[in-house]
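Work through the following exercises with the sequence and the model at hand. Each task is followed by a stepwise solution.

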Amino acid sequence: MNTEIRSLQLLDDDLQAVAARERDRLASIDRALDAGSGGPRRLPRRGRGGGNRNWGGMAAALVVVLVLAGGIGVLSQGGGDDSADSGGQFREVADAVSGGGGSQAELPAPTAAPPPATDRDRAAFEANTSEEAALGAQYSVGDQAGTAGGSSGRTSQGIGAVPADQGDLTKIIRDGRIGIVIADGSFSKGVAGVTQIARRNGGFVLESSSRDERSGALTLRIPAKRFDDTMLALRALSGQLEGEVEFQDITGQDVTAEFIDLGARLDILQDRRELLRDIQAEATSSSEILRLAALIDDVTLQIENIQGRLNFLKDQVAEATIKVEVRERDVQREDPGPDTENPSIADSFELAVQGFLRIVGAIVIGLGYLIPLGVIALLVWGVLTLVRRRDRGAN
Amino acid sequence: VPEERTDTQLLIASRTEPEAFTELYRRHAEDLLRYFARRTLDPETAAELTAETFAEAFASRATYRDQGVNGVAWLYGIARHRLGRFFRSGRVDAAARRKLGMPERDLPSEDYERIEDLIDFTPIREALAEALETLSPDQREAMRLRVIDGLGYAEVAERLECTEQNARQRVSRGLKKLALLLQERGMQLTTEVEA
């Protein structure tokens with residue numbers, strides 16, 4: 001090559017070698033075509049030699065397709081396994097109430113002031129509270145076993161066991177569950193009543209769901225100081241709708257110690273950051289400044305983490321969560337399903353069957369997405385192949 | 001004496017006669033290297049882009065269609081595409097060379113000055129002097145001695161108290177950075193008319 005530039009000469013050599021390899025490949029193709037024997041022709045291919053059917057590869061491809069389909073199926077189901085939810089209708093009822101529509105006329109005792117609990121309910125409630133206080137255990141009404149207790153820092157209490165004024169230092173996260181059975185045909189009134197109670201106590205409905213407009217569940221967020229009044233009002237509501245309280249759980253998680261601990265750590269870290277900033281201001285070398293900046297960043301990150309956790313706890317303490325289940329009298333309570341934490345042999349079998357059916361369902365849904373795409377890809381490939389063959393013929 | 005084939009004929013012939021491509025390469029390699037050198041200012045980058053462009057052209061020569069445009073315009077189309085990718089990413093990939101099994105070679109030391117000779121720094125000298133301020137002190141000093149003052153690498157190395165190879169690297173990296181910077185500012189690096 002006529003150049004003084006060595007790299008161009010080397011590139012010339014490299015391209016010549018590539019061209020020679022390509023020439024050999026083309027020659028071998030020609031030989032294969034010229035051979036013209038009866039059997040199927042195998043044209044040499046660049047890269048991987050192929051020809052024999054690779055059953056292992058096909059099996060692997062099938063597995064990949066199925067896993068892909070399963071993944072798409074799971075994603076298309078929103079990754080959740082919630083059962084059918086007609087919450088939309090339910091929300092319409094709740095919205096109608098909160099929006100002040102005509103349905104308010106149907107509400108039980110829609111007065112501005114909190115509805116006083118009936119004497120019967122208040123008596124029953126206070127009786128249960130004293131009984132629970134005596135037992136020192138969780139408060140439970142009806143057939144529902146309590147879920148809290150035993151773990152450190154988490155207590156289960158009757159409504160009256162927690163003083164309304166908790167003092168500045170006491171930080172307790174309160175959760176409640178209550179199940180209400182009401183007269184047949186009064187489900188809408190029940191939902192409207194629960195929503196109204198939440199609003200009157202300064203709270204709101206966080207989530208809701210219903211089944212056949214005859215049973216459903218609501219999650220309420222209520223200012224902590226209105227927790228007791230809300231629980232009482234919910235109990236009273238069951239009486240107004242000719243029903244009763246099926247179960248009630250109240251739990252309290254004392255986070256005072258964590259609060260104090262986090263506050264102390266926050267103070268220490270803030271002091272440390274100030275100290276580091278003072279040292280950085282007097283640093284004389286760039287390496288020292290950079291090293292201190294990294295330390296300050298680290299401390300700042302820790303401070304932000306603690307502040308985030310404190311804010312979360314404050315939010316949880318400020319607002320209690322109440323889960324309300326409402327059902328008409330002749331609707332069976334939903335089967336809670338097998339115990340997934342400590343399943344029996346029968347439960348394990350049931351869980352396994354459910355899991356298998358879910359996977360099959362997800363794969364079927366995923367294939368529903370993939371098959372049309374595959375057909376389109378096949379069509380495109382077919383057209384391209386035809387165009388290529390026509391071009392080859394023309395050349 | 002057989003009539004010399006045109007670039008287009010060579011490209012078409014290279015589908016079944018791969019050696020025809022090497023003839024096309026020999027005709028245009030130095031021009032393409034100059035094309036890249038004047039735009040990237042960096043000998044290493046220019047050499048890499050040249051190799052990658054020819055490798056890609058060889059690998060995709062079957063896709064060339066004679067539609068009345070000279071074959072070399074097709075080659076420069078690939079070059080422009082490669083150059084654009086370099087200016088976007090700041091690096092030259094070697095996918096086409098790897099595909100063909102070609103080695104990735106370091107630039108021979110004697111090529112730095114030879115490829116720089118292909119670059120006409122005159123029209124960009126003023127812009128370079130301004131952009132120099134954005135470089136590290138080592139690169140800036142090496143660039144100033146080599147490009148502004150026009151010293152040879154031996155003298156640059158002597159002034160900077162480093163090896164010649166080290167001086168070449170500093171200049172090369174500085175030029176690459178400057179080319180990317182000037183490209184970002186939309187400045188024309190060369191007055192050459194594109195092929």
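Helices (H or I, at least four residues) and strands (E, at least two) are DSSP runs, numbered from the N terminus. The model is predicted, so local features need pLDDT of at least 70 and side-chain atom pairs count only at pLDDT 80 or more, while totals for chains, interfaces and linings use all residues. Residues are numbered from 1 along each chain as its sequence is written, chains are lettered from A and ligands numbered from 1 in the order in which they are written, and side-chain values use heavy atoms, with hydrogens and water left out.

**Exercise 1.** Place A:Phe349 in its helix and describe the nonpolar surface patch that contains A:Phe349.

Step 1. A:Phe349 lies in helix H9 (residues 345-394) of chain A.

Step 2. With a relative accessible area of 61%, A:Phe349 is exposed. The classes are buried (under 20% relative accessible area), exposed (over 50%) and partly exposed (in between), with a 1.4 Å probe and protein chains only.

Step 3. The patch consists of A:Phe349, A:Val353, A:Phe356, A:Leu357, A:Val360 and A:Val364, with about 600 Å² of accessible area together. Patch members have over 30% relative accessible area and no salt bridge; nonpolar side chains (Val, Leu, Ile, Met, Phe, Trp, Tyr) are joined within 5 Å, like charges within 9 Å. Accessible areas come from the Shrake-Rupley method with a 1.4 Å probe; for residues, only the protein chains shown count as cover.

**Exercise 2.** Which strands does the salt bridge between A:Asp249 and A:Arg177 link?

Step 1. The closest approach of the A:Asp249 and A:Arg177 side chains is 2.9 Å, N to O. A salt bridge requires a side-chain nitrogen of Lys or Arg within 4 Å of a carboxyl oxygen of Asp or Glu.

Step 2. A:Asp249 belongs to strand S6 (residues 244-254) and A:Arg177 to strand S3 (residues 172-182), both of chain A; the two residues are 72 residues apart.

Step 3. A:Asp249 is buried, at 3% relative accessible area.

**Exercise 3.** Into which network does the B:Asp93 to B:Arg85 salt bridge fit?

Step 1. B:Asp93 and B:Arg85 pair at 2.7 Å, N to O.

Step 2. B:Asp93 is buried at 15%, whereas B:Arg85 is partly exposed at 32%.

Step 3. Shared partners join B:Glu48, B:Glu52, B:Glu56, B:Arg82, B:Arg85, B:Asp93 and B:Arg97 into one salt-bridge network. Over all chains, the structure has 33 salt bridges.
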